[in-house]
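The exercises below are meant to be worked through with the sequence and the model open side by side. Each task is followed by a solution that proceeds in steps.

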Amino acid sequence: MTSAEKILWSAPSATRPVAADVRVPGSKSATNRALLLAALSAGPSTIAGGLRARDSVLMIDALRELGVAVEAGERYAAPVWTVTPPEQLTGGDGGDVARVDVGLAGTVMRFLPPVAALADGPVYFDGDPYARARPMGTLIQALRDLGVRIDDGDRAAFPFLVEGTGSVPGGLVELDATASSQFISALLLAGSRYRRGVEVRHIGGPIPSQPHIEMTVEFVRAAGGTVDDSEPGRWVVAPATLRGRDWVIEPDLSNAAPFLAAALITGGTVTVADWPAATTQAGDALRGLLREMGARVELTTGGLTVTGGAGVHGLEADLRDVGELTPTLAAIAALADSPSRFTGIGHLRGHETDRLAALAREINGLGGDVTEEADGLLIRPRPLHGGVFASYADHRMATAGAILGLAVPGVQVEDIATTGKTLPDFPAMWAAMLAADDHDPSTASAGIVG
Ligand SMILES: O=C(O)C1=C[C@@H](OP(=O)(O)O)[C@@H](O)[C@H](O)C1
Ligand SMILES: C=C(OP(=O)(O)O)C(=O)O
């Protein structure tokens with residue numbers, strides 16, 4: 001553990017119901033897909049509203065290492081990136097290797113190796129210490145089946161070397177994606193550039209995070225690729241030249257979750273601006289989930305408004321599709337008036353940390369009663385007390401601690417800076433939400449904000 005990880009952040013308690021308008025930055029999942037497809041396109045692209053946080057900076061740095069130009073500019077005073085792909089993605093040469101740091105970013109560690117295989121030389125991959133524990137073997141094997149040479153020293157984990165040759169045969173691959181939807185997304189994102197395209201067949205139990213695969217299909221099609229997803233568990237990407245295009249990134253709805261949770265828990269109101277009317281983002285499920293937990297939820301042209309005040313209720317839900325919302329929902333559940341059971345989330349053991357174990361340990365450390373089950377969590381609310389809430393380099397563990405701190409005095413979150421993985425400056429946003437008196441809650445339900 002580094003000294004940075006031991007720094008404690010005193011989570012502010014809410015002294016009154018929150019009443020805030022919140023603007024969250026761009027979606028991590030959308031930003032990194034747009035960057036990657038832009039890098040694989042035949043011409044330049046622009047990306048407006050992209051997230052600038054650790055995970056997207058890692059993606060940009062990785063693409064630059066492969067010869068892609070990413071430049072920051074402005075359009076109507078808002079940041080816009082221009083991405084210019086090279087004629088040929090470049091790996092190392094003359095005994096040198098290109099080097100990619102994946103950090104702890106699932107979207108970088110899964111999405112980049114299939115792209116590195118298209119580079120004209122070797123690309124070395126490694127990441128944070130815990131990246132070596134996240135599931136990678138399935139993707140490494142799938143790439144080998146598609147004709148890519150990878151030297152992983154038989155670890156099926158980082159570090160490894162992708163021996164890019166400038167071209168990938170592609171074709172049919174069978175894999176088991178029960179540990180992560182990102183294995184499938186990774187192959188679909190790069191597959192247009194493989195000589196025979198790619199046909200991915202999932203063999204195994206239910207796939208987690210299906211909306212993220214739908215987002216991938218949507219993005220590949222938007223880039224000019226062809227994806228046949230007409231048969232469940234099978235995706236066919238035809239060889240295609242991807243077009244450069246202008247991407248506009250939606251706000252990150254999963255990162256809106258802690259702020260919306262604050263409205264529910266404090267009996268206040270939060271409006272998140274620019275909530276899309278239709279989206280493939282998993283976070284859109286918050287509308288139904290928070291309603292079930294007691295919130296009033298309204299989608300208007302002003303954004304999504306969540307209002308609490310009618311109690312906080314427990315929830316029985318299969319969260320397989322929306323696993324990344326679990327830490328937020330678990331924090332709310334620990335403060336509810338009835339028990340909650342979350343199922344379908346065994347794959348969270350392979351996220352930034354083992355989230356099932358971490359949530360149980362940390363909530364119980366504050367006096368809670370959380371039981372880890374085979375594929376989920378059982379949460380029985382109990383009066384909580386202050387204490388240290390460890391975050392395990394997991395941005396969503398850190399925000400879960402912040403949520404608990406609203407209702408429980410004396411919660412100290414370890415390494416709050418880890419929220420910078422996907423949400424730059426979370427502590428300032430949180431403080432601004434608590435300080436805001438943005439609107440009269442009685443009018444917010446009509447969408448009258450500001
Ligand atoms: O493709 C993506 O952008 C993501 C897919 C999901 O991963 P898993 O399928 O591993 O849960 C999700 O949890 C993660 O936050 C982002
Ligand atoms: C699982 C997550 O991230 P990653 O993209 O690193 O898998 C997450 O953000 O909840």
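**Exercise 1. Work out what kinds of residue surround ligand 1, and where in the chain they come from.**

Step 1. In this predicted model, sort the shell by class: the residues around ligand 1 comprise one nonpolar, eleven polar and one charged.

Step 2. Of the 13 residues in the shell, those that come nearest to ligand 1 are S29, S180, S181, S209 and H212. Two elements, α4 (106-111) and α7 (182-191), each give two or more residues to this shell.

Step 3. Now place the ligand relative to the domains: since domain 1 (3-25 + 252-440) and domain 2 (28-232) both give residues to the shell, ligand 1 lies between them.

**Exercise 2. List the residues around ligand 2 and state how the two domains share in its shell.**

Step 1. Reading along the chain, the residues found around ligand 2 are A105, G106, T107, E324, H351, E352, R396 and T422.

Step 2. Sorted by class, this shell has one nonpolar, four polar and three charged residues.

Step 3. Each of domain 1 and domain 2 supplies at least three residues to the shell around ligand 2.

**Exercise 3. Describe how the chain is divided and how its two domains meet.**

Step 1. The domain assignment gives domain 1 (3-25 + 252-440), which is written as two segments, and domain 2 (28-232).

Step 2. Between the C-alpha centres of domain 1 and domain 2 there is a distance of 29 Å, and the contact between the domains involves 18 residues of domain 1 and 23 residues of domain 2. The side of domain 1 that touches domain 2 has five nonpolar, eight polar and five charged residues.

Step 3. Turn to the record: an unreviewed UniProt entry carries the annotation "domain: Enolpyruvate transferase" over residues 15-428. Over residues 15-428 the chain is 29% helix and 23% strand, with the end C-alpha atoms 17 Å apart.

**Exercise 4. Determine how α2 is oriented to α3, and α7 to α8.**

Step 1. Two packed helices are described by the angle between their axes and the distance between the axes.

Step 2. For helix α2 (residues 28-39) and helix α3 (residues 54-65), the axes come within 9 Å and cross at roughly 10 degrees. Angles under 35 degrees count as roughly parallel, and α2 and α3 are therefore roughly parallel to each other.

Step 3. In this pair, K28, T31, N32, L35 and A39 of α2 meet D55, S56, M59, I60 and L63 of α3, a contact made up of five nonpolar, three polar and two charged residues.

Step 4. For α7 and helix α8 (residues 210-222), the axes come within 9 Å and cross at roughly 5 degrees, so that these helices, too, are roughly parallel to each other.

Step 5. Here I184, S185, L188 and L189 of α7 meet H212, I213, T216, V217 and V220 of α8, and the contact has six nonpolar, three polar and no charged residues.

**Exercise 5. Locate P159 and A393, and describe the backbone at each of them.**

Step 1. P159 is placed in the loop between β8 (150-151) and β9 (160-163), and the peptide bond that joins F158 and P159 is cis, with omega about -5 degrees.

Step 2. A393 is placed in the loop between β22 (387-389) and α13 (395-407). Although A393 is not a glycine, A393 has a positive phi of about 60 degrees.

Notes: Residues numbered from 1 in each chain as written. Chains lettered and ligands numbered in written order. Predicted model: local features only at pLDDT ≥ 70, side-chain atom pairs only at ≥ 80, totals over all residues. Near = placed C-beta within 6 Å. Helix = DSSP H or I, 4+ residues; strand = E, 2+ residues; numbered from the N terminus. Nonpolar A, V, L, I, M, F, W, Y, C, P; charged D, E, K, R; others polar. Domains from an automatic or database assignment. UniProt positions renumbered as here; feature names shortened; annotations may be inferred. Contact = placed C-beta atoms within 7 Å. Axes fitted to C-alpha atoms, helices over the stretch in contact; angles between N-to-C directions. Parallel < 35°, antiparallel > 145°, perpendicular 65-115°, else oblique.
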